[in-house]
Amino acid sequence: GRERGGEMASKSKERKSRSSAPSKNKQDIVICPAIIDAAMYGKLDELKEIALADPKNLQAREPDGWTIAHWAARRGHLDVLSYVADRAPTLLSAQADDGSTPAHYAASYGHDSVLNLLGDRDPGSLMVNDSQGNSAAHDATKHNRLTTLKLLVERCPSLIYGMNKDQNRPCDFAVREEIKQFLKESEKASMVPAVQLQNLAKETRVLNAQNAVLAFYCRNYWDPIDRSRLVLLKPPANKEEHHMEWQSVSAEFLRTMSKANILAVYRFQDREMHDGFISHRDQIKAACKDHWSEANMEKWVFSTGLNMEESLRSTPESAYPFLSHKSASAPYGDGIYLVREASLCSDDVVSLGDGTKQMLLSRAVTGRYSVGKSGMDKPSLLPSSNTKTFDSMVDNVAEPMTFVLPTASHVVPAYLISYRD
């Protein structure tokens, strides 16, 4: 595979070092060596010309899955990566065949300005693990990048607790005493004890750090004093409580809404509603038996609607914040429509009087799903069953972006995000 440490003398040597990386059979892969080379050597004008000729070239990949974002991060070409962030933001967290992201290489080579750009434009990109379970913090520690490690921990404190597949945390790779001391002090200062995050991971088998943090706070960090059902979180700049929670919520929102300006994030608190959701989730999990997959059957989803804040602040008997669509307004069947990415429902957001917009991030259990069609009032029957149906409907089974849930028990509000475009 491709080494994340040490300089390589030439382009040919770099290509040779990558030739052993296992390639995957991929359909519709974009091949454009010219734009890869432009990114590799920081030739921004050349890269722009190639992209202008055909925007799809921005999505070009090498045989081992590397993108132009990987090369820009690896070589520290900040101007190239900034252009990529504007034109193809999903590349900021793109994974190569070995699971590595641009952040892994920026951390390995100490390109702090690149990591700052990644953190500003796609905070979640700093928290993705490679196929061996290593995070950018693991790589920064391996290559003795103390300032880089400090930057990562400042932005994503939970990284110091992440274990790879060999059960090693970043501190297990520390050689220099100052790095060992920094990680030790950071662990003491963190709001979330390591044992709690590790227990959560074992219990729920959450696949990435961001979702682990959200699930953790949704259940364990509710304010027992504030009974308004919406608790204002503190942004990271304040260095106070909820730092990691605010960062995780904003990262999921900004992943596809990079130009938005978040004004406030509120945590929704209703123990009875939350416990009801968990109970329903466990019923679906039991019904799925060996087919249950948390990665595929439980999602963080977005929605919008009128008077969401008023509805969330009211008593449980008041109007529910989720809208149920039927007939002509329901292209994938009747039910509650929720989307995987914030940008997919941004056009439906109605601005408040002062220009503020609001979107709801919720936790949903989708269970087993099938493609829905207009006019369907419930999911289709399961194969070889005359009575049991799928749990929900989607727009596309292979890569669903829109989920249609039959009842409100499938979803529970988690965070209300106020923002301006």
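Mentor: A disulfide is a pair of cysteine sulfur atoms within 2.5 Å. The structure discussed here is a predicted model.

Trainee: How many disulfides does the structure hold?

Mentor: The structure holds zero disulfides. No pair of cysteine sulfur atoms therefore meets the limit of 2.5 Å.

Trainee: What makes Cys-32 count as buried or exposed?

Mentor: The relative accessible area of Cys-32 is 11%. Buried means under 20%, so Cys-32 is buried.

Trainee: How is Cys-345 classed, as buried or exposed?

Mentor: Cys-345 has a relative accessibility of 6%. Because this value also lies under 20%, Cys-345 counts as buried.

Trainee: What share of the chain is made up of buried residues?

Mentor: Of the 421 residues in the chain, 52% are buried. The chain has 16 helices and 10 strands. Of its contacts with a separation of 6 or more, 74% are between residues 24 or more positions apart.

Trainee: Why is Lys-289 called exposed or buried?

Mentor: Lys-289 has a relative accessible area of 65%. Exposed means over 50%, so Lys-289 is exposed. This residue lies in the loop between helix H14 (271-288) and helix H15 (294-297).

Trainee: What is notable about the phi of Lys-289?

Mentor: Phi of Lys-289 is near 55°, a positive value in a residue other than glycine. Most residues other than glycine have a negative phi. Gln-167 likewise has a positive phi, near 65°, and is not glycine.

Trainee: Where does Gln-167 lie?

Mentor: Gln-167 is found in the loop between helix H9 (146-155) and helix H10 (177-189).

Trainee: Why are helices H4 and H5 called roughly parallel or roughly antiparallel?

Mentor: The axes of H4 (residues 68-75) and H5 (residues 78-87) cross at roughly 150° and come within 8 Å. Angles over 145 degrees count as roughly antiparallel. H4 and H5 are therefore roughly antiparallel to each other.

Trainee: Is the crossing of H4 and H5 left-handed or right-handed, and which residues make the contact?

Mentor: H4 passes H5 in a left-handed crossing. From H4, the contact is made by Ile-68, Ala-69 and Ala-72; from H5, by Val-80, Leu-81 and Val-84.

Trainee: What classes of residue make up the contact of H4 with H5?

Mentor: Ala, Val, Leu and Ile are among the residues that count as nonpolar. The contact accordingly has six nonpolar residues, with no polar and no charged ones.

Methods. Residues are numbered from 1 along each chain as its sequence is written. This is a predicted model: local features need pLDDT of at least 70, side-chain atom pairs count only at pLDDT 80 or more; totals for chains, interfaces and linings use all residues. Side-chain values use heavy atoms; hydrogens and water are left out. Buried means under 20% relative accessible area, exposed over 50%, partly exposed in between (1.4 Å probe, protein chains only). Helices (H or I, at least four residues) and strands (E, at least two) are DSSP runs, numbered from the N terminus. Axes are lines fitted to C-alpha atoms, for helices over the stretch in contact, and angles run from 0 to 180 degrees between N-to-C directions. Angles under 35 degrees count as roughly parallel, over 145 as roughly antiparallel, 65 to 115 as roughly perpendicular and the rest as oblique. A crossing is left-handed if the near helix is turned anticlockwise from the far one by less than a right angle, and right-handed if clockwise. Contact means heavy atoms within 4.5 Å.
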